[in-house]
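Student: I have a model open and would like to walk through it with you. Could we start with the main sheet and work outwards?

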Amino acid sequence: PPIGLESHRIEDDQILASSMLRHGLGAQRGRLNMQVRVTPSAQPMGHGDTPTHIPLTAPQAGTKEDDFFDGAWCAEDDSRAHWLEVDTRRITMFTGVITQGRDSQIHDDFVTSFYVGFSNDSQHWVMYSNGYEEMMFYGNVDKDTPVLSEFPEPAVARYIRIYPQRWNGSLCLRLEVLGCPLSAVSSYYTQQNEVTSTDNLDFRHHSYKDMRQLMKVVNEECPTITRIYNIGKSSRGLKIYAMEISDNPGEHETGEPEFRYTAGLHGNEALGRELLLLLMQFLCKEYQDGNPRVRGLITDTRIHLVPSLNPDGYELAHEAIGQWSRMWGAGMGCGSVGWDGKAVGCSPTFTVHHCPGLATGFQAGHLRCVREGDGTWRSGLKPPWTHQSNLQGGEKLVSFPFDMARPSPPTRAAAPHPLDYEDESPELQETPDHAVFRWLAISYASAHLTMTETFRGGCHAPDVTDAMGIVQGAKWHPQAGSMNDFSYLHTNCLELSIYLGCDKFPHESELQQEWENNKESLLTFMEQIHRGIKGVVTDQQGEPIANATIVVGGISHNVRTASSGDYWRILNPGEYRVSARAEGYNPSVKTCHVLYDIGATQCNFVLSRSNWKRIREIMAMNGNRPIRRVVPGRPMTPREHLRLRMRLRYRMRLREQMRLRRFNTTTATSSPTAPPSTTTLPFPFSSTAYTPWSQEPPTAGTWEMDTETEVVTELVTETE
C-alpha cells in the first residue's frame, strides 16, 4: 500500500529535498495530487471553459506566475544532482513509486525518467540496480496523469530518494511511495492515531457480490431490526441496495424521525462505502449485546444506510486500480468537466453532477448512479427525511450549505436575489439555519480523532476550515445545483457532505484505523436528529393533518408535516415562537423551549376549522369577481356616483316587476270574473311614473336593498 504522502500520514518534516525554487514549491508540496492554492490574483478555470486534456484531478492551478503555493516540488535549477527524499521512520519494504507532474495552467513541467536510491541512515545511499547498472525508471508523459513504476524486486530500507534525470519544462515532481512496514515506528516518533480496533468486524474491501452477501448476513443476524431494500438500478442493471435499521423496520412510525447515510456517489470513493458496511455490523452486534446507547438510537430513530450509490463505478475502479488504488485519491471537484447524471438526494427529481470520463481506463469512478425515471428509485424516496449526510473523499472536513455563491450585482439598483437573506457578503450567502448547520458539522468534526488537526494543512492546499474541520461549501468549493442546497431549499431535509480524508481508496490494512477515527462521529452525528422540536398536528377530532406548515419565528425556512401529521425541526437550544398552519384551518401559535440535552421538545398543535372554505364558495358563486368596498368618509367621484345610481335603479326596477307579478297573480286568484287584458305584453309592464332620483321617497324595497348591500359589503370586508 502507499505509505501516505497523499493522505498526509507522512508529515511535512518527513519529506526533504536538495533545493527548492521558492517556498511555495518546497518539498512538502511534492505529494501526489497536491493542488495549487489559488491566490486572489489568480482565477480558477471556469465551468464554461473546455480544457484540451481532462486530468485525473480537478486542477485549481492559478494563471499567474506569482501564485504562492503551487502544486509540486520544484528544484531551484536544472541540475541532475537534485533529489526528493522521504523518511518512513521505520524499516519498510518498498515496492514502487507513483509520479506526477506539476499542477499548473501555465506550466507543463513533469519528470520523464529518474533513478531511485535507498538508505538506512540518510548518509550512505545505494542505488536501485538491475544487477549490472543503475536502473532507469521512466515517468510521466504529461503533467497530470499519475504513472506507476513498480520495482522488479522489493527493496528494504528506511529512506528512499528520487533522482530526476530528464524532464519536460522545469524540474518539478509530485510523488507517492508504495511499501509495507516491517517494523514498528521508533518510540520517539510514536503516533497516537495508530490504533487497533477492538470491534470484531469485517475489515476488508467488498466487491458488489461481497457487499450484498455481507448485508444479507447482517439481516439474518438481526432480523427484527433490519430490512434490505433497493432504491433502483445502476446503468448496468446492478441494484442499489439500502439497509433500514429500526425497531419496526418497513414502517414509518409516528413521531420517529428518518435519518440516512449515503456513500459511494463516485465509484473511486471506497472509504465511505466500507464505513457504512462496518456501521451495519456494529449496530447489529451492539444491539444484541444490549448497548444502551445503540438500543436507544435504534428504538427512537429510523436509520437508512446506502453504502454504494454507484456500484458500477466501484467495480470498474477496483478493477482498474489494482495494487496502487491510492492514485484514485484525486482532489475534490470536477473542474470544467460537464456534469450529467442522476443521484439520490432528498428528492426524486434532483440532478447532481459527476465527472463523466477522466481518461481511458479511469471512467470507473464517475458513472451514472441510477436510471432516470426508475419507479423503484422514486419509491425509495418516500420517507420524510429529516437529516442526512453523504460520505465522500478527497479532503478531510465537513461541508454545509449553501454551496452556491451568487455573483455580485452589477449595480446597487440590481434586483435582489431570491436567496438573499440579508447576509453582509454579497457573494457568500448563509442559510437561515446557518447556526444549526454549524452545530451539525461540528458534532461530526469534533468527535473525529483527526479531522480538527488542521495544523498540517488540507490535502491539497492550506487549511480552509479555520482549524475547526468545517466549512461552508460556497466558501471552499462553490458550485451550483448541489444536493445539499436542493435538499435545504425544497425539502425538510438538512443535508451535509462529510469528506473522510485525503485517501479515497485506502488500503485494507488502514480500514481499522479509519473505523476508529470515524466511529464516534458517525454515532454522534445521528444523535443530533433528536435535537430541536417535534410533534403532531391534528384537527379537533384528533385526525392528523398532512402537509401542514411549521413556521419558526425569526427563521425564514419552514417544514411540512408528513402524511401521519408528524414533523421534526432541528434547532439549537433556545426559546422559539412556533406556529402551525394548514389549508382550511385557523393557525395555532405556541412557545417551544429547546434544551441542551439530547431529546427533542414535544410541541403538538390542534387546529380548528376556519370559514374560509365557505367564503370561497360564496365568492365562486359571484364568479370570483371582487366586490368593491365603499370606504366610509371618502367622497365618491362623479363617475362612481353615476354607476352606483344606475345599479340601484336597475335593482329597484327588478324588485318592482317582481312585486307587480305577485300582485297580479293574487288579484287573478281572488277575482276570477275580472275581464282579461286586451293586450298581452311579453314582459310585466307598469305605468308607474318614477319621480326623479332626488325626489324618490324611501320605499320598503329601497330599505331591503340597502340592507342587502350592507351584508355584501361586510362579507367582502371580512374576505379581504
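Student: Happy to begin there. In what order do the 8 strands of the open sheet come?

Tutor: Keep in mind that this is a predicted model. The sheet is open and its pairing is mixed. Going across its 8 strands, the order is β9-β10-β12-β11-β13-β16-β14-β15.

Student: Which strands stand at the edges?

Tutor: Look for strands that have a single partner, so that one side is left without a neighbour in the sheet. From one strand to the next, the twist averages 25°. The edge strands are β9 (226–233) and β15 (470–472).

Student: How do β11 and β13 run, parallel or antiparallel?

Tutor: Strands of a sheet can pair either way through backbone hydrogen bonds. Strand β11 covers residues 258–263, and 6 bridges join it to β13. Within this pair, Y261 stands opposite S389 in β13. The two strands run parallel.

Student: What angle does the direction of α8 make with that of β16?

Tutor: Two helices are worth viewing here. Helix α6 packs on the sheet, where it touches β11, β13, β14, β15 and β16, and its direction makes about 30° with that of β16. Helix α8 also packs on the sheet, touching β13, β14 and β16. For α8 the angle with β16 is about 160°.

Student: How many of the 8 residues of α8 are buried?

Tutor: Its cover includes β13 (385–392), β14 (395–400), α6 and β16 (494–501). The buried residues are M483, N484, D485, F486, S487 and Y488. Helix α8 (residues 483–490) is therefore mostly covered, since buried means under 20% relative accessible area and the number of its residues that are buried is 6.

Student: Now the aromatic residues. Why is the pair of Y444 and F525 edge-to-face?

Tutor: The structure holds 19 aromatic pairs, and this is one of them. The ring centres of Y444 and F525 are 5.9 Å apart; planes over 60 degrees apart count as edge-to-face, so the deciding value is their plane angle of 80°.

Student: Which helices does that pair link?

Tutor: Y444 and F525 are 81 residues apart, so to speak of distant parts of the chain is fair. Both residues are buried. The helices are α6 (residues 434–447) for Y444 and α9 (residues 511–527) for F525.

Student: Which residues does S521 contact, leaving aside its neighbours within four places in sequence?

Tutor: S521 sits in helix α9. It is buried, with a relative accessible area of 0%. Its contacts are Y261, Y444, A447 and H448.

Student: Over the face of which ring does R161 lie?

Tutor: There are two arginines to look at. R273 lies over the face of Y314, 3.6 Å from the ring centre. R161 is at 3.6 Å from the centre of its ring, and that ring belongs to W83.

Student: Why is strand β20 described as largely enclosed?

Tutor: Strand β20 is joined by 5 bridges to the antiparallel β17 (residues 532–539), where K534 stands opposite W568. Side chains of a regular strand alternate between the two faces of the sheet. In β20, D566, W568 and I570 on one side and Y567 and R569 on the other are all buried. Strand β20 (residues 566–570) is largely enclosed because its buried count is 5 of 5.

Student: Which peptide bond is cis?

Tutor: Most peptide bonds are trans, and most residues other than glycine have a negative phi. On the phi side, D466 has a positive value of about 55° although it is not a glycine; it lies in the loop between α6 and β15. F402, in the loop between β14 and α6, takes part in the bond with omega near 0°, which runs from P401 to F402.

Student: Finally, how many contacts beyond four places in sequence does the model have for residues 677–681?

Tutor: The chain averages a pLDDT of 77, with 72% of the residues scoring at least 70. Residues 186–195 fall below 50, yet that stretch has 15 contacts beyond near neighbours in sequence. Where pLDDT is low, the predicted coordinates should not be read in detail. For residues 677–681, where pLDDT stays under 50, the number of such contacts is 0.

Note on methods: Residues are numbered from 1 along each chain as its sequence is written. Side-chain values use heavy atoms; hydrogens and water are left out. Rings of Phe, Tyr and Trp (its six-membered ring) pair if their centres lie within 6.5 Å; planes under 30 degrees apart count as stacked, over 60 as edge-to-face and the rest as tilted. Helices (H or I, at least four residues) and strands (E, at least two) are DSSP runs, numbered from the N terminus. Buried means under 20% relative accessible area, exposed over 50%, partly exposed in between (1.4 Å probe, protein chains only). A charge sits over a ring if NZ of Lys or CZ of Arg is within 6 Å of the ring centre and within 35 degrees of the ring normal. pLDDT is the predictor's confidence in each residue, from 0 to 100. Contact means heavy atoms within 4.5 Å. Two strands pair if DSSP finds at least two bridges between them. Axes are lines fitted to C-alpha atoms, for helices over the stretch in contact, and angles run from 0 to 180 degrees between N-to-C directions.
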